[in-house]
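Subject: Structure for you to look at

Hello,

Please find the structure we talked about below. My notes on it follow, so you can check each point against the picture.

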Amino acid sequence: MGDDCGGLSANRAVGQEKEILHLFQRRFMVERKLGKGGFGQVFVGRRVNGGNERGTGSDAMEVALKFEHRNSKGCNDGPPYEWQVYNALGGSHGVHKVHYKGKQGDYDAMV
Ligand SMILES: Nc1ncnc2c1ncn2[C@@H]1O[C@H](COP(=O)(O)OP(=O)(O)OP(=O)(O)O)[C@@H](O)[C@H]1O
């Protein structure tokens, strides 16, 4: 496995990456990378329109964006299992609420 597993590597479509890394879905401005796990990379970003500076739920201004490339390990069997977990638990018991999840080019993206 290469160092870019699940990530936004230099040898992938540059235009697509720029679109993702600057303004995701025209809704979230991607600001900086927070970290990298076994399946993808996580960035911090901000909602472009609306939102509440102190909000932590559906109106949160600051968000975390996770991108998993479809060729990364565990990404070949449909949507990431993590999505199911957030569907079930998100917004309660201290688990973050999901604002968006879907495909963006070659990536599964969750905000
Ligand atoms: N909401 C968040 N706030 C701050 N940092 C985060 C957040 N989510 C992820 N990170 C950072 O990004 C890294 C990668 O997160 P990610 O969920 O991809 O993997 P992981 O849970 O660390 O490992 P695994 O590969 O087992 O899922 C984390 O280790 C952490 O440093």
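The ligand is surrounded by Leu34, Gly35, Lys36, Gly37, Gly38, Phe39, Gly40, Val42, Ala64 and Lys66. Please keep in mind that the model is predicted. Sorted by class, this shell contains four nonpolar, four polar and two charged residues. Two residues of the shell also come with a distance to the ligand. An oxygen atom of the ligand lies 2.5 Å from a backbone N or O atom of Gly38. For Lys66 it is the side chain that matters: one of its N or O atoms is 3.0 Å from an oxygen atom of the ligand. On its own the ligand would expose 600 Å², and the protein buries 49% of that area. Two elements, β2 (28-36) and β4, each give two or more residues to the shell. The largest share comes from β2, with three residues.

Next, Lys66 itself. This residue is found in strand β4, which spans residues 62-69. The unreviewed UniProt entry carries a "binding site" annotation that covers Lys66. In the model, the side chain of Lys66 also makes a polar contact of 2.9 Å with the side chain of Glu82. Leaving aside residues up to four places away in sequence, Lys66 touches Gln41, Val42, Glu82, Asp108, Ala109 and Met110.

One residue on that list, Asp108, is worth following. Is Asp108 buried or exposed? Its relative accessible area is 2%, and a residue counts as buried under 20%, so Asp108 is buried. Asp108 is found in strand β6. Its side chain makes a polar contact of 2.6 Å with the side chain of Lys103. Again without residues up to four places away in sequence, Asp108 touches Lys66, Phe67, Glu68, Gly78, Pro80, Trp83, Gly102 and Lys103.

After β6 (107-110) comes a segment that holds Val111. Why does Val111 count as buried? Val111 has a relative accessible area of 6%, and the cut-off is 20%, so this residue falls on the buried side. Among the residues that Val111 touches are Phe24, Phe28, Val63, Ala64 and Leu65, and also Lys97, Val98, His99 and Tyr100, with residues up to four places away in sequence not counted. Ala64 is thus a contact of Val111 and is also listed in the shell around the ligand. As for distance, the C-alpha atoms of Val111 and Asn52 are separated by 16 Å, with these positions 59 residues apart along the chain.

Last, the protein as a whole. How many helices and strands are there? The protein has two helices and six strands. In sequence order they follow the pattern α-β-β-β-β-α-β-β. The protein has 111 residues, and 34% of them count as buried; Asp108 and Val111 are two examples. Of the contacts between residues at least 6 apart in sequence, 50% join residues at least 24 apart. The accessible surface of the protein is about 6800 Å², and carbon and sulfur atoms account for 48% of it.

When you go through the structure, I would begin with Lys66, since this residue is listed in the shell around the ligand and has a polar contact with Glu82. From there you can move to Asp108, which Lys66 touches.

Regards

Notes: Residues are numbered from 1 along each chain as its sequence is written. This is a predicted model: local features need pLDDT of at least 70, side-chain atom pairs count only at pLDDT 80 or more; totals for chains, interfaces and linings use all residues. Side-chain values use heavy atoms; hydrogens and water are left out. UniProt positions are given in the numbering used here, feature names are shortened, and annotations may be inferred rather than shown by experiment. Helices (H or I, at least four residues) and strands (E, at least two) are DSSP runs, numbered from the N terminus. Contact means heavy atoms within 4.5 Å. A polar contact is a pair of N or O atoms within 3.5 Å; within protein, one must be able to donate a hydrogen and the other to accept it, and residues adjacent in sequence count only if both atoms are side-chain atoms. Buried means under 20% relative accessible area, exposed over 50%, partly exposed in between (1.4 Å probe, protein chains only). A residue is near a molecule or strand if one of its heavy atoms lies within 4 Å of it. Accessible areas come from the Shrake-Rupley method with a 1.4 Å probe; for residues, only the protein chains shown count as cover. Ala, Val, Leu, Ile, Met, Phe, Trp, Tyr, Cys and Pro count as nonpolar, Asp, Glu, Lys and Arg as charged, and the others, Gly among them, as polar.
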